[in-house]
Amino acid sequence: MTDLKIIMRIARTDLAILFYSPIAWFILIVFSFLTTSSFTSLMENIVTDYDLSGGKEVSLSGICFLGSYGFLSSVVSNIYIYIPLLTMGLISRETASGSIKLAYSSPVTSSQIVLGKYLAAIGFGCCLMLVPIASAIYGSLVIPSFDWAPVLVALLGLYLLICAYCAIGLFMSSLTTYQVVAAVGTLIVLAILNFVGNIGQEYDFIRELTYWLSINGRTIDMLNGVIRSEDVIYFVVVVTLFLTFTTFKLTSDRRTISRFRQAISYLGFFVAAMAIGYFTSRPGMIKVWDTTRTKLNSLTENSQHVLAKLTGPVTITNYVNLLDNKSYRYLPIMKKANETIFEPYCLAKPDLQVKYVYYYDFAPNGVANNPKFQGKTVDEMRDYMTMIYNLNPHLFKSPAEIRQIIDLREEQNTFVRIMETQDGKRTFIRDFEDMDATPSEAEITAAIKKMISTPPTVAFIKGDGEREVSKSGDRDYSNFSIEKYSRAALINQGFDVCEIDISHGDTIPSLINIVVLAEMRTPLTEKGKNQLETYLARGGNLFILTDTGRQEVMNPFLSKLGIKMEEYQLAQSSADFSPNLILAKATRESGKLTFGFKDDFPKYDLRVSMPGCVALTCSDNDYGFQYTPILETNAKGVWIEKEQTDLQESPVECNASAGEKEQTYITAYALSRQLKDKEQRIIISGDADCISNTELTLSREGYRSGNFNLIIESFRWLSGGEFPIDIRRPHCTDNKLSIGVKDIGTMKTIFIIIIPAILLLIGVGIWFFRRRN
């Protein structure tokens, strides 16, 4: 009889024993009931939400089955409960009864016994898999265009986890004659494998080994539809390791082997497994396959194109200040968690290295503000913080030492990353003061692109009362331009920003791509006019923002562009807001400029709040421009108020006898024309407050603000689409449901009652048939 036939005979025998066992049927029925209850509960929430919202642009396949909140994640979280009960008697039962001695006396080898029993265990695991597979099939029937590939990967991850648990359980079953002890031992080993990833995280080499050995989170990527070679190899190695342990244990029982030799053998198997795991987990060795339809877990095509142009080694250095409030997230113990931020980039570019520099220095927004540290020196604060975190104080460079490397006081000595190429080009990648905190693909790719190309420079004109970026006043523009810790700030989206005073001596350099002229309060000097006209003549792009009461100052310049500010400001009737607040919406024509104007504004019904706004009209004269209205008012409830000038508090009404008329008014225009080999682009807004510091931080109820969207899309168009980085993905097609709330009862009956009942009847039938025979 061949080895395979012996193995299969053992597998069939043990599988039959499992199915004759009440405990196996108990496991199957309880697993089925709890799993289907979880699935139907999730589906009920999804169907109800879909019915109430009328549908969303999301992948229902992913929401139902993938990710940390998907159905399969809950199965993965609970599967460890069932496997020890399944495997506890595979070998211990035969050892306790003495039947194992018959196998030892036969020509059957230890490896054949182990493989046969392991096949029986994972064969029963296939029966467990039928429940989530049935759920996936049901999902494919009720979700048109179901995304099968990532769901199959997630199911594969679940089954690989079952296989690993079975191998561990089989080994523990070989160590004892008591089934309960084997089950408890399996749970202990699983707990150790979950915890081991937290050991030695402050030491680089140990961290790599223990993190690889940890089974915790091994299926996370697969549950998101991603196959990583590192994860697949991990499961193969773990299964092979514990099957080898089990085979060696049975071999040791059949013939006398000294305890020293046993210990050396076990250690050798373990070291070999760790070595394989370590080398296959190096960035250059890892292969990744994103099976999602929209490649949700991979870099977008734009990011891949940018990264492909980055030649030579690149280093990202994380500068971690122990005395900064953000330091804990970046201490050595958190390194592996932080690697996920740049992992897609490291996989695509293996010579991209992430390093850490630890130091301590005074941080204005750091721990020094704690009353506990009042009057303490930075060295005393360092000693206390290293004691709290159980760290070596010598790991951290002193203020003098770090400043010899880099002076981060302009960054307020807070956490920051610096990306640097081999030829010395560098750029900052910051964390932000929002809920996500860490940089997204858009900010990281923008930083990379700034190093491989000349970034567009935005110059803000000052000197004639214009809004300034170097000030943080209510009316100024620092928030969206140079605020280092604002995600949407221009400097974090790929732009360079500067200020120039053209009326008092500054010239507009040739490297300037975009000029912002925001609400002049006094006319330009002759020199300023000449500078601006020269800039326009060479095809420079402009962003002009006007405001109420500035017609006399700004209309002469705007007239050269074919645009006129109306004499009086707009009013909008509202029960909630003052009449001077105009809530403008994107025009249909604006969709020709950028995808954001086309998609986001109408999709979310975004409104741009414009407090104190004038209407703009374009001239019929031929200035060579193509005029595209960007923002417009509602057709009703908005008029040009000619009788009252203070609209802040006063109740106002549209008076037709005074020439006031309710209609749609344009509050922003885009101008474009072809000059030689380039297209000149200009945006003119009838309000300058709409992108001011105050307006961007205000929160009003009753509408969804699109002010930041206006900034992003305006500068996207003015920069020719170069920045901010476009990280859009294809629209998902599995965003419909073919069932409604009325079908929930039928679904619950099938999954919660009928399926477990069928399993119960089959189990009782087998028990009765066997008892009868």
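This report describes a pocket, a cavity and a helix in a predicted model.

## Basis

In this predicted model, local features need pLDDT of at least 70 and side-chain atom pairs count only at pLDDT 80 or more, while totals for chains, interfaces and linings use all residues. Residues are numbered from 1 along each chain as its sequence is written, and side-chain values use heavy atoms, with hydrogens and water left out.

## The second largest pocket

The second largest pocket (an open set of points on a 1 Å grid over the protein atoms alone, with protein on both sides within 12 Å along at least five of seven lines) holds about 1200 Å³ of space, a volume being the space filled by probe spheres set on the points, which are joined across faces, edges and corners. Its lining (residues with an atom within 4 Å of a point) comprises 39 residues, of which Leu296, Lys603, Ile727, Arg728 and Arg729 lie nearest the centre.

Because domain 1 (3-292 + 744-772) and domain 3 (455-719) both give residues to the lining, this pocket lies between them; the domain bounds come from an automatic or database assignment.

## The largest cavity

The structure holds one cavity of 30 Å³ or more, a cavity being a set of points where a 1.4 Å probe fits but cannot get out. Phe543, Ile630, Leu631, Ala668, Ile683, Ser685, Leu710 and Ser714 line the largest cavity, which contains about 30 Å³ of space.

## Helix α9

Helix α9 (a DSSP run of H or I, at least four residues, numbered from the N terminus) covers residues 148-174. Since 23 of its 27 residues are buried, α9 is largely enclosed by the rest of the structure, where buried means under 20% relative accessible area with a 1.4 Å probe and protein chains only.

Terms used: Helix = DSSP H or I, 4+ residues; strand = E, 2+ residues; numbered from the N terminus. Expected span 1.5 Å × (residues − 1). Buried < 20%, exposed > 50% of the residue type's maximum accessible area, 1.4 Å probe, protein only.
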